[in-house]
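User: Could you take a close look at one part of this model for me? I'd like to hear about its pockets.
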Amino acid sequence: KIEVIKSIEHYVEDFIDEKMKNPDESWQPTDFLPHFSDPDFSDKIQILQKYIANVPDSVLVSLVGNMITEEALPSYQTFFNLLNGINEERNVASKSAWVRWSRLWTAEENRHGDLLNKYLYLSGRVNMKIVEKSIQQLIYNGIELQTDGDPYNGLIYTSFQERATKITHVKTGKLAFKSGDIKLAKICNVIAGEEALHEKAYKYFMGKIFETDPNGGLTAFVNMMKKKIIMPANLMDYGTERKQYLNYVDITQKIGVYTSHDYAGIIDHL
């Protein structure tokens, strides 16, 4: 498997060069938010709060859960770099294509959490201290994705999870739009667009594995589907009495943001 991972690395390089933007070309959270230095900052905040006031609590729960999931980036980059064959130098600044990809991926994802976090803070609708505790708890607890350090398993997981994340952002955005918060809907759609690009990347990488090692690729896919794909935020309450994650799962299922039908649909798609 390590030999296969090395053999397809040039495809990763090509994807980076053709599809990924550098930080100077990318949008940033401040592009979507009022600036404190603006003379009419207070008026802009009032407008922001006016529109998000009509967004149901259930949609905010979905938004908070999506944001907390994005904020656990230290765990995701660590997870990816620990997959066998990905970072044999054990150097996060490595110029190898796989490690470069891990940095580009997490650098883009980092903006998602920052933007949603700031928007929720400005909204005045949620208890940010409790949200912040959940973020810290999740990063403290880490993630256990049942990939066992296997690069095939890892790429199957990310192919699945990036599609799932895209779906949750798209549907949350639609509900925000329906409630009249056009700005929030735009934010969710912009984030979903990047999740779609990341999904495309991981499916492309995994597709090259299937071309090179079809038996190994299929075996890994079957194993991961039997284990079931665990959502990366599932440990946000571990070690506490809180049940925020279960509430998030129940509510997103109820309002149709992410359901068992979506889960089955992703399996079918892959």
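How do the residues of the lining of the largest pocket divide into nonpolar, polar and charged?

Analyst: One caveat before the pockets: this is a predicted model, where local features need pLDDT of at least 70, side-chain atom pairs count only at pLDDT 80 or more, and totals for chains, interfaces and linings use all residues. Residues are numbered from 1 along each chain as its sequence is written, and side-chain values use heavy atoms, with hydrogens and water left out.

Now, your question: the lining of the largest pocket has ten nonpolar, ten polar and two charged residues. Here Ala, Val, Leu, Ile, Met, Phe, Trp, Tyr, Cys and Pro count as nonpolar, Asp, Glu, Lys and Arg as charged, and the others, Gly among them, as polar. The pocket holds about 380 Å³ of space. Of its 22 lining residues, Met-231, Tyr-245, Val-249, Thr-252 and Tyr-258 are the closest to the centre. (A pocket is an open set of points on a 1 Å grid over the protein atoms alone, where a 1.4 Å probe fits, with protein on both sides within 12 Å along at least five of seven lines; lining residues have an atom within 4 Å of a point. Volume is the space filled by probe spheres set on the points, which are joined across faces, edges and corners.)

As for who builds the wall, H4 (57-71), H8 (151-178), H11 (244-255) and H12 (260-269) each give at least two residues. Helices are DSSP runs of H or I, at least four residues, numbered from the N terminus.

H4 and H11 turn up again at the second largest pocket, each supplying at least two lining residues, as does H7 (128-141). H4 has the largest share there, six residues.
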